[in-house]
Amino acid sequence: QVQLVESGGGLVQAGGSLRLSCAASGRIFGINAMGWYRQAPEKQRESVAVITSGGITNYTDSVKGRFTVSRDNAKNTVYLQMNSLKPEDTAVYYCYAEVRSSIYSRFRGAWGQGTLVTVSS
């Protein structure tokens with residue numbers, strides 16, 4: 001089994017910064033894409049940022065220029081640096097990774113438990 005453990009959420013004022021981290025552990029042979037999703041109250045979960053194993057990134061329009069996703073493949077860890085935070089960024093942020101447990105298995109999606117980010121105005 002694979003576990004994703006997030007850290008770094010919290011309360012911050014508008015204009016501030018936070019850095020989220022997510023470490024994958026367990027039976028891991030390889031990791032493909034990693035990324036971050038978020039879900040605000042009464043809204044659907046949305047993709048925020050994704051990074052491939054080769055370092056190609058993609059962001060939702062609302063965070064471009066403010067958020068940066070990165071990864072450390074040696075540590076099976078993905079990060080999300082969030083700058084110039086806005087109240088509308090308030091949400092539970094979930095880490096996601098496409099993981100396979102052996103050379104014979106296919107990649108499967110795994111999720112973290114979520115970490116709350118609250119941006120006050």
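The following legends describe close-up views of a predicted model.

**View 1. The largest nonpolar core and the strands that supply it.**
The largest nonpolar core holds 29 residues, and within this set Trp36, Leu80, Met82 and Tyr93 touch the most other members. Two or more residues are given to this core by each of strand S3 (18-26), strand S4 (30-39), strand S5 (46-51), strand S7 (67-72), strand S8 (77-82), strand S9 (91-100) and strand S11 (115-120). Among these contributors, S9 gives the most, with five residues. In soluble globular proteins, nonpolar side chains tend to be buried together.

**View 2. The surroundings of methionine 82.**
Met82 is one of the core residues that touch the most other members. When its neighbours within four places in sequence are left aside, methionine 82 is in contact with Gly16, Ser17, Leu18 and Leu20, with Arg66 and Phe67, and also with Tyr93 and Val117. Tyr93, listed among these contacts, is likewise one of the residues that touch the most other members of the core.

**View 3. The pair formed by tyrosine 37 and tyrosine 96.**
A search of the whole structure finds three aromatic pairs. In the pair shown here, the ring centres of tyrosine 37 and tyrosine 96 are 5.8 Å apart and the planes stand at 70°, so the arrangement is edge-to-face. Because tyrosine 37 lies in strand S4 and tyrosine 96 in strand S9, the pair ties together parts that are 59 residues apart in sequence. Tyrosine 37 is partly exposed, with a relative accessible area of 22%, whereas tyrosine 96 is buried, with a relative accessible area of 17%.

**View 4. Tyrosine 37 with tryptophan 111, and the resulting ring cluster.**
The rings of tyrosine 37 and tryptophan 111 have centres 5.0 Å apart and planes at 70°, so this pair is edge-to-face. Tyrosine 37 belongs to strand S4 and tryptophan 111 to strand S10 (residues 108-111), so the pair ties together parts that are 74 residues apart in sequence. Tryptophan 111 is partly exposed, with a relative accessible area of 38%. Through ring pairs, Tyr37, Tyr96 and Trp111 are linked into a cluster.

**View 5. Arginine side chains over tyrosine rings.**
Arginine 19 lies over the face of tyrosine 79, at 4.1 Å from the ring centre. In a further example, the charged end of arginine 45 sits over the ring of tyrosine 94, 3.8 Å from the centre of that ring.

Technical notes
Residues numbered from 1 in each chain as written. Predicted model: local features only at pLDDT ≥ 70, side-chain atom pairs only at ≥ 80, totals over all residues. Heavy atoms only, no water. Core = buried A, V, L, I, M, F, W, Y, C linked by side-chain atoms within 4.5 Å. Buried < 20%, exposed > 50% of the residue type's maximum accessible area, 1.4 Å probe, protein only. Helix = DSSP H or I, 4+ residues; strand = E, 2+ residues; numbered from the N terminus. Contact = heavy atoms within 4.5 Å. Phe/Tyr/Trp six-rings, centres within 6.5 Å; stacked < 30°, edge-to-face > 60°. Lys NZ or Arg CZ within 6 Å of the ring centre and 35° of its normal.
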